[in-house]
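Here are my notes on this model, written as numbered points. Keep the structure open beside you and find each residue as it comes up.

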Amino acid sequence: MPNYRRVFVRGGCWFFTVTLLDRRLRLLTDWIDTLRDATQRTRQRYPFQIDAFVVLPDHMHAIWTLPPGDADFSTRWRLIKSYFAKAIPKTEWLSPVREARGERGIWQRRFWEHLVRDERDFERHVEYCYINPVKHGYVTRVQDWPYSSFHRDVEAGIVPRDWAGDVEQTGEFGERSV
C-alpha cells in the first residue's frame with residue numbers, strides 16, 4: 001500500500017474534497033438528508049466545526065476545524081462515508097475486489113485534504129466552496145444552489161446574498177447563456 005504523506009496538525013483547519021466512485025451518479029444530492037444525518041451522527045461521536053460545506057451530485061468540498069489536540073479527520077470521513085453507504089439501497093455495480101472485501105461501490109477510497117495555512121488561504125477555500133456549483137454549471141448564481149453553507153453564512157451576515165452576482169456561462173464557441 002502506498003505511504004501517503006499527510007500533515008497532522010492537532011486542532012487544525014482542513015479543506016477536503018470527497019468524491020463518489022462513479023462520477024455519473026447523483027447520490028449526494030438525491031440522498032442529501034441521509035448525508036446530513038451521517039454528518040451529524042459523526043459530529044456527535046467526533047466533534048468538529050464545519051467552516052464551509054458544499055455538496056454537489058457526485059462530490060463535496062468541506063472546510064473543518066478540529067478540536068484542540070485532535071488531528072483525526074480520517075476517522076470522521078470514514079464514519080460519514082460508512083453511515084451514508086449503509087443507509088442507501090444497494091444498487092451500484094461492484095468490482096470483484098470490492099465484492100471480496102465486502103465494500104460498497106459508492107465512494108472513492110480516499111479523499112483529498114489540504115491544511116489551511118492562514119486567513120487568506122481559508123478565505124480562498126471558502127470562496128471555492130461557494131462558487132463550485134457555478135463552476136460545474138449547476139446554477140448561474142451561488143445563492144441558487146441549495147446544498148451549501150453559503151446560505152448559513154448569508155444569514156449570519158458574513159457574505160451578501162448576491163455574492164459573485166450572476167455568472168454567465170460561455171459555450172464552446174464563445175456564445176453566452178444565462
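1. Let's begin in a loop. A164 sits in the loop between α6 (150-155) and β5 (169-170). Keep in mind as you look that this is a predicted model. A164 has a positive phi of about 75 degrees, even though it is not a glycine. Is A164 buried, exposed or partly exposed? Its relative accessible area is 42%, so A164 counts as partly exposed, falling between the 20% and 50% cut-offs.

2. Now zoom out to the whole chain. You should be able to find 6 helices and 6 strands. Starting at the N terminus, the elements go β-α-α-β-β-α-α-β-α-α-β-β. The radius of gyration is 17 Å, close to the 16 Å that the globule rule gives for 178 residues, so the chain is as compact as a globular protein of that length.

3. A couple of overall values go with that picture. Along the principal axes, the C-alpha atoms fill a box of roughly 50 × 40 × 30 Å. As for burial, 44% of the 178 residues count as buried.

4. Next, have a look at the surface. Which residues gather there in a patch of positive charge? They are R41, R45, R78 and K86. Two helices, α2 (32-45) and α3 (73-87), each supply at least two residues of this positive patch. R78, for one, is in helix α3.

5. Stay around the end of α2 for a moment. P47 lies in the loop between α2 and β2 (49-55). With a relative accessible area of 45%, P47 is partly exposed. Try picking out T65 as well: P47 and T65 are 18 residues apart in sequence, and their C-alpha atoms are 9.5 Å apart in space.

6. On to the charged pairs. Side chains of opposite charge can pair when their charged atoms come close. How many salt bridges does the structure hold? There are 14 salt bridges, and the next points walk through a few of them.

7. One of them joins R24 and D22, with the closest N and O atoms 2.9 Å apart. The two partners differ in how much surface they show: R24 is exposed, at 72% relative accessible area, while D22 is partly exposed, at 23%.

8. Another salt bridge brings together the side chains of E92 and R104, at 2.5 Å from N to O. This pair links distant parts of the chain. E92 is in the loop between α3 and α4 (96-101), and R104 is in the loop between α4 and β4 (112-115). The two residues are 12 apart along the chain. Are these partners buried or exposed? Both E92 and R104 are buried.

9. For a pair within one helix, turn to α5. The side chains of E123 and R120 form a salt bridge, 3.4 Å from N to O. Both residues are in helix α5 (residues 119-135), and they are 3 residues apart, which is about one turn of the helix. E123 is partly exposed, with a relative accessible area of 35%, and R120 also counts as partly exposed, at 46%.

10. Salt bridges can share partners too: here they join R98, R101, E103 and R109 into one network. Try tracing that group on the model to finish.

Notes:
Residues numbered from 1 in each chain as written. Predicted model: local features only at pLDDT ≥ 70, side-chain atom pairs only at ≥ 80, totals over all residues. Heavy atoms only, no water. Patch = residues over 30% accessible without salt bridge, like charges linked within 9 Å, V, L, I, M, F, W, Y side chains within 5 Å. Areas by Shrake-Rupley, 256 points an atom, 1.4 Å probe, with all protein chains shown as cover. Salt bridge = Lys/Arg side-chain N within 4 Å of Asp/Glu carboxyl O. Lys, Arg positive; Asp, Glu negative; His and termini not counted. Charge placed at Lys NZ, Arg CZ, Asp CG, Glu CD. Helix = DSSP H or I, 4+ residues; strand = E, 2+ residues; numbered from the N terminus. Rg over C-alpha atoms; globule rule 2.2 N^0.38 Å. Buried < 20%, exposed > 50% of the residue type's maximum accessible area, 1.4 Å probe, protein only.
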